[in-house]
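Please look over the sequence and the 3D structure shown here. Then read the short report below them.

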Amino acid sequence: MPKVTIDGKEIEVPQGTRVIEAAKMVNVDAPYYCYHPGLSVAGNCRMCLVEVEKMPKLQIACHMQVQDGMVVCTNSERVLKTRQHILEFLLVNHPLDCPVCDQAGECWLQDYYMKHGLYDSRVSENKVKKHKAVSLGPTVMLDAERCILCSRCVRFTDEISKTHELGIANRGDHCEIQTFPGKELNNDYSGNVVDICPVGALTDKDFRFKMRVWYLQAKDSICNGCSMGCNIQVHYNLDRPHHAKGERVMRLKPRYNEHVNQWWMCDEGRYGYKYHDHNRILAPLKRAQADVQEISWDELFTEAARDISAAGSKMAVFLSPQLSNEELYLARILFREKLECRNIFLVSPKADGKSDDFLMKADKNPNTRGAADIGFKVDPKRLEGFQEACEKGQIEGIIVFGQDLFERLNAGQMQQIMPRLKWSVFIGSNHNLMSESASYVMPSATYVEKEGTFTNCEGKVQKFNKVFNPLPHAWSEWKILINLAKYLDVYFDHEEVEDIFEEMTSQVAAFKNLKYDELDRGKSDIRSMAAPTIPALEQYDNIL
Amino acid sequence: MEKLISKYFVPGKTFSIDEYIADGGYQAIRTVFEKLDSASLIETVKKSNLRGLGGAGFPCGIKWSFVPQNTGKPVYLVVNADEGEPGTFKDKYIISHVPHLLIEGIMIAAFANNVHKAFIYIRGEYTRPYQALVKAVNEAYEKGYLGKNIFGKGFGLDIVVHRGAGAYICGEETGLLESLEGKQGRPRLKPPFPAVVGLFGCPTVINNVETLSYLPFIINRGAEWFASLGSDKNGGMRLFSVSGHVKKPGVYELPLGIPLREIIYTYAGGIRDDRRLKAVVPGGLSAAILKADEIDVGMDFDQLRAKQTMAGSAGVIVMDEKTCMVRSLLVTMRFYAHESCGQCSPCREGTGWVHRILERIASGGGKSKDLENLSDICSFMGGTTICALADGAAMPLRSYPQKFKEEFEYFIRHGKSMIEQGEEVSA
């Protein structure tokens, strides 16, 4: 393997490694715009020019491959001066509209200017005028004047989404990103071009002007939009509810995971976060006929437990592949092992959807595989048995985790079944027909409000973190289960999700040898992959 | 001085295939087929010291020897007939007057490099040369000089003529390849070099029209003879395109290494109206400018480089004493700003910025810091990009204000040109 010395630090790297990657390995900062580890090398921004011994010209670190004995210098006077001037070139025609630019605060022009620029402007000429506020498609806006023409977005649509909507029109300083005539940027992955745009040229229609990025906090999570389990970061704000009509989740961003989603996520997942802050069930409810009243959790558990106990085996439980492994495990112990309920069904709350050969899976649940590992399978045949049992009066009550059975089963049948039941418990985060007809409604947390693990379709067990606290009266399902159990004289001694997981590693084969704190891939922030110089959002927390 | 290529430059005449054959044409390729193999042919070209006459001056035989023959892919020959360097019009002469000389040269190069398909990328504006070329290619096919099994010797060659759309950058060899492949003309990152990964991903030889057109002479009269015509390591003759303020502008075929003074005063008849010479661009617009007292330089690749300029495409642009250097630099920089492909930031933003600064100076708004800034911008525009366009822009941008400092300072201070009754090119 060739050995290279970068700024005095020696490292051995595999044949074909680019200097820019080798520099990263020894923590040397070679700034760049156009380079992206997930895309082909364009070599056009020229920010990463470095000095290579025995080569008269500066070389771009993103293209140059390491050769044995190569000596690279990234911080010589010549390199620093050149870098400063390249930045100056990039800013010659830039509108410098940071105060009204959505990218401000996470803009690589700003960051690099502070780090590598700091020159006085000497541009007294007029700037080239280009198109502004161009809608490229349903999700992305373009400001061509802010664009530095790094071509990352073009390469993304060519190489990753393979949809080829974008190109660069015109020449010289009149170059502009454009969609091809008659096309719009409308593919299942369009949002990624906003992530990889290092400047304010491409902004997300969904996020635009919602909140300045320095008010955002970030936490690692796992997308629950399908069984792929893309690693994401949840960007949120709790301190400025007036900025976004009380919404807490501001946007989702993909987080690098070499084995799952690399740097990307699909638009369906990216924009599928609205339900965390809309149409939520705000309090425990008790319903008798048309009379609905808010009651305390204590009263709710007492009354529900009384009905559940009375029903004995004459009840059915509807679990959901949206639940975490830990919750499914507790549900299994409680309902199957302790209460010996025979009618436990796994019902997906969502119909199968769009899939492709990249990240989108037809199964829109994050944990179908985990449910199977714990012993629950989606089985429509068995559901027919449930309907039969209802008709025969063998079911007194049902416990439903999140699904809208009116939608997932036959709506007409459900309307007949519901009045025959003595009671029904709905445990869910958002209102639907079930929450509007169940006799007990237990408000639960969404996945950003709790922690746990999902097993993705490939069998990878991934941890998602609690991003922020649940709404005041909402509880995580695992907490609801532990407490409900208490009223049913079943005592779990787990205090944390980790305790449940720990137990699963000895009880469920699929979890054997796993360690909870090792599941968290932790600090791999997409931007720390893409630009080592930019602090992860967590670091802004201190400023707040 | 003996004329080689230029003996065919008869005004208004295009040599047909029969006329060309009657003049001894297509003898060289027969000699090649009968007496030479690829290796000995490459050796001959190496010995002739034939340099790449498109501008870079890379030794032709050495270039050919880089082409890998064992990749399992076809090797292509691409003929650069884009001739976009301002001040250069020699290839147009060759193609217009004697296209068969080029075709014969292509056949020789194809044989040397085991090529069976050649592409001629001709500048879009060259309408009549294009017609002459297509006619000649058709003639050659009709006579069995192109196609399969030429002269019954088992060697086949097809030629495709492709018209560009007028972009200067498509004369840069990898920009040309991109354009030929149907993409935007944007130079490629190197390595890999076209010799290894060129047109459609295959090994590719790229030669200029003029370079190829000298091959038949080298075969017919010997490599040593050709080498002896020029100066040290600069074999043969080349076609100098002389334009600007001379009495007899035109294409002159002269040995490499001939003094610039001789070209201007002996061959081009001196300066119009017998004015004083002010400056000369020796090798196409991208070459650094020379002052009147620097014209005793020998016009070959190595001697001009020693003078911090370049032989380039041998486009000699002569400017007399009535030329305003500020305005002529403005016109020059407008060209680069217009032709930059826009890929690399220093070139994309730099060429336009420089042009706007010069526009401001030329309209009387110059500032005392301008020259310093221009020189600084220039230092970081050159040598920092994928291709040589920005280097080409940097050469005049550095040399004009350096060599005519007084004139630039005057313009900036007074808001008008030092040249009172300027008859300079209009800006």
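The report goes from the chain contact to sheets, helices and one loop residue.

## Ground rules

This is a predicted model: local features need pLDDT of at least 70, side-chain atom pairs count only at pLDDT 80 or more, and totals for chains, interfaces and linings use all residues. Residues are numbered from 1 along each chain as its sequence is written, while chains are lettered from A and ligands numbered from 1 in the order in which they are written.

Helices (H or I, at least four residues) and strands (E, at least two) are DSSP runs, numbered from the N terminus.

## Where the chains meet

Chain A touches chain B with 26 residues, and chain B answers with 25. Two residues are in contact if their C-beta atoms, placed from the backbone, lie within 7 Å. Helix α2 (residues 77-92) of chain A gives the most to chain A's side, with six residues.

That side of chain A has twelve nonpolar, eight polar and six charged residues. Here Ala, Val, Leu, Ile, Met, Phe, Trp, Tyr, Cys and Pro count as nonpolar, Asp, Glu, Lys and Arg as charged, and the others, Gly among them, as polar.

## A covered helix in chain A

Helix α4 (residues 152-160) of chain A is mostly covered. Seven of its nine residues are buried. A residue is buried if 20 or more other C-beta atoms lie within 10 Å of its own, exposed if 12 or fewer, and partly exposed in between; the C-beta atoms are placed from the backbone. The buried residues of α4(A) are R152(A), C153(A), V154(A), R155(A), F156(A), T157(A) and I160(A).

What covers them? The cover includes β8 (166-169), β9 (176-179), α5 (192-196) and β10 (202-204) of chain A. After α4(A) comes K162(A), with a positive phi near 55°.

## Two sheets in chain A

One open sheet has three strands in the order β11-β12-β13 (chain A), with antiparallel pairing. Two strands pair if DSSP finds at least two bridges between them. The edges are β11 (217-222) and β13 (249-254) of chain A, each paired on one side only. Neighbouring strands of this sheet are turned by 30° against each other on average, direction ignored. Axes are lines fitted to C-alpha atoms, for helices over the stretch in contact, and angles run from 0 to 180 degrees between N-to-C directions. Strand β12 (residues 231-236) of chain A pairs with β13(A) in the antiparallel sense over five bridges. V234(A) faces L252(A) of β13(A) across the pairing.

Another open sheet has seven strands in the order β15-β14-β20-β19-β18-β16-β17 (chain A), and its pairing is mixed. Its edge strands are β15 (291-294) and β17 (343-346) of chain A. The average turn between neighbouring strands is 15°, direction ignored. Strands β14 (residues 285-288) and β20 (residues 440-443) of chain A are antiparallel and share two bridges. K286(A) stands opposite Y440(A) in β20(A). Helix α10 (residues 380-391) of chain A lies across β16 (315-319) and β17 of chain A, at about 135° to β17(A).

## Packed helices in chain B

Helix α15 (residues 345-365) and α16 of chain B pack at about 160°, with their axes 10 Å apart. That makes them roughly antiparallel, a term for angles over 145 degrees (under 35 is roughly parallel, 65 to 115 roughly perpendicular, the rest oblique). Their crossing is left-handed: the near helix is turned anticlockwise from the far one by less than a right angle, whereas clockwise would be right-handed. The contact has ten nonpolar, one polar and one charged residues.

Helix α16 (residues 370-381) also meets helix α17 (residues 389-403) of chain B; their axes come within 9 Å and cross at roughly 150°. Those two helices are therefore roughly antiparallel. α16(B) passes α17(B) in a left-handed crossing. Residues in the contact include L371(B) and L374(B) of α16(B) and A390(B) and A393(B) of α17(B). By class, this contact has nine nonpolar, one polar and one charged residues.

## A buried glycine in chain B

Where is G230(B)? G230(B) sits in the loop between α11 (223-229) and β6 (237-244) of chain B. Is G230(B) buried or exposed? G230(B) counts as buried because 24 C-beta neighbours lie inside 10 Å.

The C-alpha atoms of G230(B) and L256(B) are 4.7 Å apart, though the two residues are 26 places apart along the chain. Leaving aside neighbours within four places in sequence, the contacts of G230(B) include N49(B), P255(B), L256(B) and D300(B).
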